[in-house]
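Please read the following account alongside the sequence and the coordinates, keeping in mind that the model is predicted. It moves from the nonpolar cores to the sheet, and ends with the confidence of the prediction.

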Amino acid sequence: MHEWAIANAIIRELERSLRSSPNIRKVRIVLGELQNIDEAVLRQYLDMMMGEVAPGVEYEIDHEEAVFECLRCGHRWTLRDVNLSDEEREAIHFVPEAVHAYVKCPKCGSRDYRVVKGRGVRLVYEVGENA
Ligand SMILES: [Zn+2]
């Protein structure tokens, strides 16, 4: 269900941006690794809504790896750098906040860290020539 809400938010934001820059030709939708989204479902909604709100604008879905930064030692890492079971990985995808229960700094073992990248959804626009 929340794919609908996300698609809606994307469309609204695109609509707003098109008002100030009508030359947007393409939008790159960057999904954070810590965002649980069914991409096929999201595409269905986008395909339904894009034509109406933003005819002629293409979209592309991209992914962004999550990056963590330790607040104690400053070390930066990604989920590829830590050993997690499939179950733990799945839990993190469903409940991103659970990451703090499963992941600690691989260098100093602290659970005091922040998510630098890979949370939420970002839009990147490509602007075309004035037609
Ligand atoms: Zn650390």
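The largest nonpolar core consists of 10 residues, namely L34, A66, F68, C70, L79, I92, V99, V103, C105 and Y113. Within this group, I92 can serve as a point of entry: when its neighbours within four places in sequence are left aside, I92 is in contact with L34, A98, V99 and Y102, and of these contacts L34 and V99 are themselves listed in the core. Separate from this cluster is a second core, made up of eight residues, among them A7, V27, L42 and L46.

Turning to the strands, an open sheet is formed by three of them, arranged in the order β2-β1-β6 with mixed pairing. At its edges lie β2, spanning 58–64, and β6, spanning 121–127, each of which pairs on one side only. On average, neighbouring strands of this sheet are turned by 25 degrees against each other, if direction is ignored. Strand β1, residues 24–32, runs parallel to β2 and is joined to β2 by seven bridges; I29, for instance, has I61 in β2 as its bridge partner. Against this sheet packs helix α1, residues 2–20, which touches both β1 and β6 and whose direction makes about 35 degrees with that of β6.

As to how far these details may be trusted, the mean pLDDT of the protein is 92, and 98% of its residues reach 70 or more. Confidence is highest in strand β4, residues 76–78, with a mean of 97, and lowest in helix α3, residues 86–94, where the mean is 86. In general, predicted coordinates should not be read in detail where pLDDT is low.

Notes:
Residues are numbered from 1 along each chain as its sequence is written. This is a predicted model: local features need pLDDT of at least 70, side-chain atom pairs count only at pLDDT 80 or more; totals for chains, interfaces and linings use all residues. Two strands pair if DSSP finds at least two bridges between them. Helices (H or I, at least four residues) and strands (E, at least two) are DSSP runs, numbered from the N terminus. Axes are lines fitted to C-alpha atoms, for helices over the stretch in contact, and angles run from 0 to 180 degrees between N-to-C directions. Two residues are in contact if their C-beta atoms, placed from the backbone, lie within 7 Å. A nonpolar core is a set of buried Ala, Val, Leu, Ile, Met, Phe, Trp, Tyr and Cys residues joined through C-beta atoms within 7 Å. A residue is buried if 20 or more other C-beta atoms lie within 10 Å of its own, exposed if 12 or fewer, and partly exposed in between; C-beta atoms are placed from the backbone. pLDDT is the predictor's confidence in each residue, from 0 to 100.
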